[in-house]
Structures are given as structure tokens and as C-alpha cells.
Amino acid sequence: MTDAPLLTLRNLRVVYPGDEGDTHAVRNVSFTLGRERLGIVGESGSGKSTTGRAIMGLVPQPGRITAEVMRLGDIDLLKLNERGFRRLRGKRIAMVLQDPKYSLDPVMSVGHQIAETHRCHFGSSMKKARMAALEMLEAVRIRDPERVYALYPHQVSGGMGQRVMIAMMLIADPDLLIADEPTSALDVGVQEQVLAIMDDLVRRRGMGLILISHNLHLVSAFCDRVLVMYAGRVVETCITGELAEARHPYTRGLLASLPELGRRRAELPQLQRDPAWAEEAL
Amino acid sequence: MIVVDRVSVSYGIGAGRIKAVSDVSFQIDEGDAFGLVGESGSGKSTVLRAIAGLITHAEGSVELAGQAMPRVRSRAARKMVQMVFQDPFGSLHPNQTVDQTLSMPIAIHRLGHADRRVASALAEVGLGREHRFRYPHQLSGGQRQRVAIARALILEPRILLLDEPTSALDVSVQAEILNLLARLRRDHGLTMLMVSHDLAVIAHLCDRIGVMSDGALIEITSAESLASGNVRHAYTQQLLRSNRGFDRSGAEVVEAVTSPVLSRIE
């Protein structure tokens with residue numbers, strides 16, 4: 001393990017120009033990530049997914065990315081063109097998306113999709129890629145890899161599909177894994193399992209993980225650090241276990257508005273949004 | 001108010017026949033809120049649809065407000081039960097304004113005074129007059145779910161069926177909708193049946209809770225028993241553990257969540 005940060009972001013901004021003025025999806029987000037697990041939480045529209053996409057170079061036209069610093073290890077992401085990003089994606093940074101039903105290729109067997117990643121990045125033979133894919137399927141705890149290899153995405157369950165996606169993302173051994181709502185489409189029991197597998201692999205390989213989710217408790221249970229985003233800004237950074245002592249009124253409001261087992265209230269406190277939150281700097 | 005007696009629902013024929021719901025029975029008193037929890041595919045939404053009369057081939061009997069429901073329901077019987085669906089993005093007609101969406105049930109049931117009814121239903125769910133002539137894409141997720149609730153309320157039903165009404169919403173919006181539902185139940189004496197996979201949400205709104213697994217109702221418990229962990233069935237305990245896992249913050253959760261899977265491979 002090295003001390004040099006894996007990823008450095010300073011004042012990242014993502015702007016979508018529009019007819020009625022620009023939309024600032026991400027505003028001055030800065031963080032550094034080592035080989036640790038970082039969570040980003042926020043509600044829809046808070047810019048958490050856009051931040052993840054910006055790191056991957058996947059902000060669609062006409063969106064613009066600006067930043068003072070955006071480095072992955074020794075690579076300056078700001079100077080990278082599309083070709084440069086293509087070499088990076090999969091090999092150095094990989095992304096697990098929300099719903100395996102929509103994110104896997106429906107007309108390719110899941111094993112082939114995993115093997116393709118391997119061939120693409122290592123130029124390996126069909127046979128070698130297949131071996132690697134089978135090994136990877138086993139690593140994500142799929143019991144009968146040979147059988148699952150030949151299945152198509154519509155033939156696997158949600159939890160299995162998500163494990164296939166994790167296998168596909170980890171086969172090229174990236175340094176950084178970005179998981180964007182990896183378990184939101186899954187049942188609670190399966191959620192745990194998928195998260196545990198991902199967590200286990202990420203730890204063992206010493207990778208960096210960015211977990212993007214709307215679920216505060218899930219993120220705080222899994223990450224070393226949590227960034228809370230609101231209206232494109234990071235309003236608070238918490239260390240795991242100190243979420244209950246969060247200071248920002250937005251974080252506190254979010255926590256309070258969750259129904260809790262064993263603490264029934266006649267009325268849930270509703271979040272009162274303060275326009276100042278969108279403006280104030282951290 | 002609701003008596004469900006040995007309801008079964010099957011799909012398909014021959015060897016491919018799947019029993020989605022088997023022999024489910026329960027009762028809900030007037031003004032009560034009953035919750036159904038379970039994983040996807042456990043049949044909880046199917047039970048809801050059978051009560052709403054959307055599954056005409058359901059076996060067993062459903063009795064609402066003391067009347068046995070025939071296979072084809074009368075207009076009055078349909079008016080009595082209304083439903084709110086999970087996804088407010090999919091359950092509203094994209095080419096109709098809020099006003100059109102809310103006027104349609106009034107026209108179908110020939111209730112009259114459409115203008116007054118629409119205005120009061122919107123006020124009831126906390127939407128302003130400015131929302132009345134908007135299209136669904138001009139509304140936020142929470143506002144759309146309010147429209148869906150208004151559409152259910154406009155026929156002045158006695159029973160409200162809720163199929164995962166908040167799972168597509170942000171937590172802060174979820175709190176607003178849950179508060180709205182609690183208030184409507186109090187003000188109108190509505191009988192509610194809610195389906196969700198989130199135990200905390202169910203226990204917030206409902207007093208009695210049924211747990212479903214593989215099409216069967218395996219346990220009926222209460223919000224208090226769930227909170228204190230006093231449940232009989234092993235499946236319910238497991239469900240409770242998975243829900244609890246993320247309800248507490250801190251390192252112990254990582255331990256609790258990771259260990260069962262890790263121990264399985266070792």
C-alpha cells in the first residue's frame with residue numbers, strides 16, 4: 001500500500017448548458033481517495049452520480065467538466081481524450097451500475113461478457129479469458145460457474161446479475177471501483193450478500209471504492225468516510241460511526257425523516273430545505 | 001372491513017403452472033392499517049390485486065364491508081376500493097394533465113361536480129392550484145405520488161390499497177408521503193392495506209403486519225413485536241435482521257453484515 005492518493009479531485013464542476021441558463025450539476029466537489037471506501041450519499045438530483053460519471057469521463061455532451069485538479073494516480077484526467085479514457089475504463093477505474101437488467105448486454109451470455117473484458121484489456125486468448133471469467137464467477141460466489149457462464153442476462157436473478165456485473169468489473173483488476181446504487185434494485189437479503197461480496201473483494205485486492213447511494217445507513221455501514229451531497233455540493237463529510245453526530249441540518253434532517261423500527265412517532269419530522277444550503281461553502 | 005379467506009392465485013397451465021399465492025387468509029377491521037411484507041416474488045402484490053378485483057381468476061373469497069365480492073364487481077364495489085401504485089412515473093398517463101387524470105374517475109362513476117371534487121382532492125393531498133393543469137413530467141416524484149393518492153381518494157373510497165407507495169421516492173419525500181397517508185387515514189377513517197419490503201416503513205404506518213414468503217402468509221405479527229424482535233418464524237427473524245443491519249450505524253453493522261457470508265465460504 002502506498003500513501004499517495006489514488007484519486008484527487010479539487011473543485012470539480014459539471015455544467016450542462018441549457019436554454020434557460022446553465023445547470024450546475026456538480027459544484028466545487030473536492031476530495032482525495034486512498035485505498036479506502038468512500039461513500040457519497042444524497043437525494044436524487046444532488047449530483048452524486050454525475051460526480052462518479054465525471055471521474056469515468058462519461059459526462060454526455062454538451063455537459064462540461066472543469067476542475068483545478070483531477071488525477072488518478074499519476075494520470076491527469078483533465079488532459080485525457082476519449083481514447084485515453086477508453087484505455088483507462090475497466091483497467092484502472094470500473095463502474096458497477098444500478099440495475100443488471102438494463103446494464104448487461106441482453107444478447108450475449110454473461111460469461112462471454114466477462115471474458116470480453118479480459119480479452120479487451122489483456123489481449124488474451126478465448127480459452128484463457130474463459131478460464132479467468134470462470135475463476136471470477138467463483139470469486140463472486142456463484143456456485144456453478146460453468147452453468148452460469150452460458151446463461152443470458154434474462155435467465156439470471158437480480159442478485160446473480162449484480163454479482164456478474166461485479167465479476168465483469170473486477171476481472172481487469174482496476175485500482176478504483178465506483179459502485180452507483182449497486183443494490184437498490186435488489187431485495188434486502190440479497191443486498192447484504194452482494195455488498196458483502198463486493199466489500200470482501202475490494203478489501204482483499206486493496207482497491208479504492210466509491211459507493212454512491214441514497215441510503216444513508218447502508219453507506220455509513222460500509223464505508224470509512226461518507227460525503228453528503230446536496231444540490232451539487234458536498235455539505236458534510238462524516239467518519240463512519242459518527243453519522244449520528246452529523247452537524248449539518250440537511251444530514252440531520254435526512255436521518256430524522258427515516259422511519260425506525262421500535263421508535264414509532266405519530267408524525268415523521270419533514271425536512272425543511274434551506275436555500276442557503278445550496279450556496280454556502282463547506 | 002376486509003375478510004380474505006383462503007385466496008389462491010395461479011398462473012399458467014400444466015407442468016408450468018405456478019402458484020403465486022396459496023391459501024392466504026386474514027381480516028382487517030374498519031379503520032385499521034394492515035401491512036404485508038416479504039421479498040419480491042413472495043406474492044404480496046398479488047394479494048393486493050386480488051382484493052382490488054384485478055385478478056378475476058383468483059380462488060377463494062374476498063369480502064369487503066360485509067359483502068362477498070363476485071367475480072365481476074359492480075361499480076359501487078369498485079368505487080369502495082382504490083389503489084396507489086409503486087411507481088408514480090409509470091402509473092400516471094403521460095399525455096393527460098393532472099386535471100384530466102383526476103376527472104376521469106368522476107366521469108366513469110358519474111359523480112358530478114367534477115370541478116369542486118378535483119379542487120378539494122388536490123388540496124387534500126397538499127398540492128396547489130398551480131399543479132392542476134400540469135402534465136406528469138412537470139411534477140417531481142413526490143408530487144406525482146400525491147396526484148396518484150388524490151386519484152384514489154377522489155372516489156371517496158373506504159379502503160385504500162397501497163403497493164410500495166414510497167419505495168421510488170427519496171427519504172425526505174417518503175416522510176412527507178407517510179405523514180400524508182397517516183393523516184388521511186385519521187381524517188377519513190380509511191382502512192388501509194399496505195405492501196412494502198421495508199419493515200420500518202410498514203411498522204410506522206401499520207399496527208398489524210403479515211409476513212409473506214413463497215406465496216404463503218407465514219406469520220401475522222404486530223409493529224410492537226417486530227420492534228422488540230419478538231417474532232416466531234425463522235424467516236421473519238431473518239427479514240428483521242437484514243432490515244436492522246442498516247438501521248444501526250457503526251462498525252458492528254459491518255461485522256454483522258459481512259460475517260454470515262464470510263463464514264459460509266470458510
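**Figure 1. The pairing of β4 and β5 in chain B.** In this predicted model, strand β4 (residues 59-64) of chain B pairs with β5(B) in the antiparallel sense, over 2 bridges. Within β5(B), A68(B) is the bridge partner of E63(B). Q67(B) of β5(B) stands opposite L64(B). The two strands form a hairpin with 2 residues between them. In the turn, A65(B) has a positive phi of about 50°.

**Figure 2. The open antiparallel sheet of chain B.** The sheet has 4 strands in the order β2-β1-β4-β5 (chain B), and their pairing is antiparallel. β2 (18-28) and β5 (67-68) of chain B stand at the edges; each has a single partner strand, so one side of each is left without a neighbour in the sheet. Between β1(B) and β4(B), 5 bridges are found, again in the antiparallel sense. One position to locate in this view is I2(B), which stands opposite L64(B) in β4(B).

**Figure 3. Helix α1 of chain B against the sheet.** Helix α1 (residues 44-52) of chain B lies across three strands of chain B, namely β1 (2-11), β2 and β4. With respect to β1(B), the helix runs at about 115°.

**Figure 4. Strand β3 of chain B and its covered faces.** Strand β3 (residues 33-37) of chain B is mostly covered, with 5 of its 5 residues buried. In a regular strand, side chains alternate between the two faces of the sheet. On one side of β3(B) are A33(B), G35(B) and V37(B), and on the other are F34(B) and L36(B). These residues are all buried, and both faces of the strand are thus covered.

**Figure 5. The parallel partners of β3 in chain B.** β3(B) pairs in the parallel sense with strand β8 (residues 191-196) of chain B, over 5 bridges. In this pairing, V37(B) stands opposite S196(B) of β8(B). Strand β9 (residues 208-213) of chain B also runs parallel to β3(B), to which it is joined by 4 bridges. Here I209(B) in β9(B) is the residue that G35(B) stands opposite.

**Figure 6. Helix α5 of chain A and its buried face.** Helix α5 (residues 126-139) of chain A has 14 residues, which at 1.5 Å a residue should span 20 Å; the end C-alpha atoms are 20 Å apart, in agreement with that value. The buried residues of α5(A) include A129(A), A132(A) and A133(A), together with M136(A) and L137(A). Seen down the axis of α5(A), the buried residues fall within an arc of 140°, so they line one face of the helix. Against these residues pack α4 (110-122), α6 (145-149) and α7 (158-170) of chain A. Just after the helix, R141(A) takes a positive phi of about 60°.

**Figure 7. The contact between chain A and chain B.** Chain B brings 35 residues to the contact, and chain A brings 36 residues. On the side of chain B that touches chain A, at least two residues are supplied by each of α6 (171-188), α7 (199-205), α8 (223-228), α9 (234-245) and α10 (251-265) of chain B. The most comes from α10(B), which gives 8 residues to this side. By class, the side of chain B that touches chain A is made up of 18 nonpolar, 13 polar and 4 charged residues.

How values were computed
Residues numbered from 1 in each chain as written. Chains lettered and ligands numbered in written order. Predicted model: local features only at pLDDT ≥ 70, side-chain atom pairs only at ≥ 80, totals over all residues. Contact = placed C-beta atoms within 7 Å. Nonpolar A, V, L, I, M, F, W, Y, C, P; charged D, E, K, R; others polar. Expected span 1.5 Å × (residues − 1). Buried ≥ 20, exposed ≤ 12 C-beta atoms within 10 Å, placed from the backbone. Arc of directions from axis to C-beta. Pairing = 2+ DSSP bridges. Axes fitted to C-alpha atoms, helices over the stretch in contact; angles between N-to-C directions.
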